[in-house]
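Subject: Structure for you to look at

Hi,

Here is the structure I promised to send over. Have a look at it first, and then read on for what I found.

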Amino acid sequence: MDHCLAQDNLESLQSHILAEEQKFPGATGEFTWIISAISLATKAIGNKVRCARIQDVIGEIGNVNVQGEMQQKLDIISNEIIMHCLGNRDNVGVLASEENKTPILLRRRAEGGRYAVLFDPLDGSSNLDVSVGVGTIFSVLRLSDDGSREEAILQEGANQVAAGYVLYGSSTVLVLTTGNGVDMFVLDQAIGSFVLVARNLKIPEGNKTYSINEAYTTRFSDGIRGYLDWAHQNGYSSRYIGSMVADVHRTLLKGGAFLYPPTTDKPDGKLRLMYEANPMGMIIEQAGGAAVAKGNRILDIVPDGLHQRTSVILGSKDQVDAILKHTT
Ligand code: AHM
Ligand code: MG
């Protein structure tokens, strides 16, 4: 079977990361191993997502996770796949997941555990039964000398050495930043590789689109309500999938703003700082946009817990500024 792309110079995710890593003197190549484990895990998860209805792994498992949310069968399966693929890499010291109450300490820094990988294995999984796009989000932190302690991962998002997501949509898309711009890869199913399709993505300005669960309007602050009234009078359009990876991916490619603000019943917002807002914040900033919570940069928040929640406003700078004019 022919591969999807009619390109002469196909570049795979692995070779791209190796080439990027070699730009840094003294690089050991070990970071490439982490990305290759994520690549393998997300190919396996994507396969499960596509076969979910056939293999009867759709639906709730009957357990409530540490967030108080019903776990889906595929949440558990995806978590196990990532744990397995990343746990085998010698340089991963800590793994932390939305689905596990505490981080898993695999090996100390002295034993080679130089990195922590934090992830949401299957974000938006409550949408699986209606075949909406879902995704895996990941954040990579460097561990300090005492990286065997749980607190070692409680670092600001600005410390992330890499962040990304994989969207299991009409195609499987991997978006990655290692702090040097944002690159996008698409899984070519026929050859089984993520192939580079866009380098150094920049979020477009001037797109008058907001993405928010507008049904919560009565629970938003006056500032957010004021912004929405202003947007209604100024020719804005609305897009909301209810699956963060899909909503952020659209915002990254097309512009506009994505918001999950505080509500009266969730004053700290719903989304998780360390494995949802921070990685998405890094990607959006690296693409020239902005990511803020309560008027401050998300990547500067000092976390006090792995599962800490935060409000989120992210998008192109002009669109985020338009919101901040009403909310700060
Ligand atoms: P999850 O991690 O339990 O899947 O929840 C996170 C999801 C995000 O993907 C999405 O942005 C948000 O919840 C939607 O929430 P709501 O239904 O309140 O609009
Ligand atoms: Mg999630």
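Let me start with a sheet. Six strands make up an open sheet with mixed pairing, in the order β12-β11-β13-β18-β15-β16. Its edge strands are β12 (237–238) and β16 (296–297), each of which pairs on one side only. At the β12 end, strand β11 (residues 209–211) runs parallel to β12, and two bridges join them. If you want a spot to zoom in on, T209 has S237 in β12 as its bridge partner. Before you go further, please keep in mind that this is a predicted model.

Next, the run of antiparallel strands from β5 to β9. β5 and β6 run antiparallel and are joined by seven bridges, with A116 standing opposite L141 in β6. Strand β6 (residues 134–142) is mostly covered, eight of its nine residues being buried. β6 also pairs with β7, again in the antiparallel sense and over seven bridges; here T136 stands opposite V166 in β7.

From β7 the chain goes on into β8. Strand β7 (residues 162–168) and β8 pair in the antiparallel sense over six bridges, and the two form a hairpin with three residues between them. G164 has L176 as its bridge partner in β8. On the other side of the pairing list, β8 and strand β9 (residues 182–188) run antiparallel with five bridges joining them, and V175 stands opposite M184 in β9. These two strands form a hairpin as well, with four residues between them, and G179 in that turn has a positive phi of about 90°.

β8 itself deserves a moment. How many of the residues in strand β8 (residues 172–177) are buried? Six of its six, as it turns out. In a regular strand, side chains alternate between the two faces of the sheet. In β8, T172, L174 and L176 point one way, V173, V175 and T177 point the other way, and all are buried.

Now to the metal, which I suspect you will want to see. Which residues coordinate the magnesium ion (ligand 2)? They are E98 (OE), D120 (OD), D123 (OD) and E276 (OE), at 1.9 to 2.8 Å. Along the chain, the donors follow the spacing E-x21-D-x2-D-x152-E. Two of these donors can be placed by their cover: D120 counts as buried because its relative accessible area is 1%, under the 20% cut-off. D123, at 8% relative accessibility, is buried too.

D123 also leads on to ligand 1. There are 18 residues around ligand 1, and the closest are D123, Y216, Y240, M244 and Y260. An N or O atom in the side chain of D123 is 2.6 Å from an oxygen atom of ligand 1. G124 uses its backbone instead, with an N or O atom lying 2.8 Å from an oxygen atom of ligand 1. The side chain of N213 has an N or O atom 2.8 Å from an oxygen atom of ligand 1. On its own, ligand 1 has 470 Å² of accessible area, and the protein covers 86% of that. Two or more residues of the shell come from each of β5 (115–123), β13 (257–260) and β14 (271–272). Sorted by class, the shell holds six nonpolar, five polar and seven charged residues.

M244, one of the closest residues to ligand 1, is also part of a helix. Is helix α5 (residues 244–254) mostly covered or mostly open? Mostly covered: nine of its eleven residues are buried. The buried ones are M244, V245, A246, D247, V248, H249, R250, T251 and L252. After α5 comes G255, with a positive phi near 95°.

One last thing, from the start of the chain. L13 is found in helix α1 (residues 13–21), and it counts as buried because its relative accessibility is 0%. L13 and F194 are 181 residues apart in sequence, yet 5.5 Å apart in space, C-alpha to C-alpha.

Write back if you would like to go through any of this together.

Cheers

Notes: Residues numbered from 1 in each chain as written. Chains lettered and ligands numbered in written order. Predicted model: local features only at pLDDT ≥ 70, side-chain atom pairs only at ≥ 80, totals over all residues. Heavy atoms only, no water. Buried < 20%, exposed > 50% of the residue type's maximum accessible area, 1.4 Å probe, protein only. Donors = N, O, S within 2.8 Å, 3.2 Å for Na, K, Ca; no water. Near = heavy atom within 4 Å. Polar contact = N/O pair within 3.5 Å; in protein donor to acceptor, adjacent residues only side chain to side chain. Areas by Shrake-Rupley, 256 points an atom, 1.4 Å probe, with all protein chains shown as cover. Nonpolar A, V, L, I, M, F, W, Y, C, P; charged D, E, K, R; others polar. Pairing = 2+ DSSP bridges.
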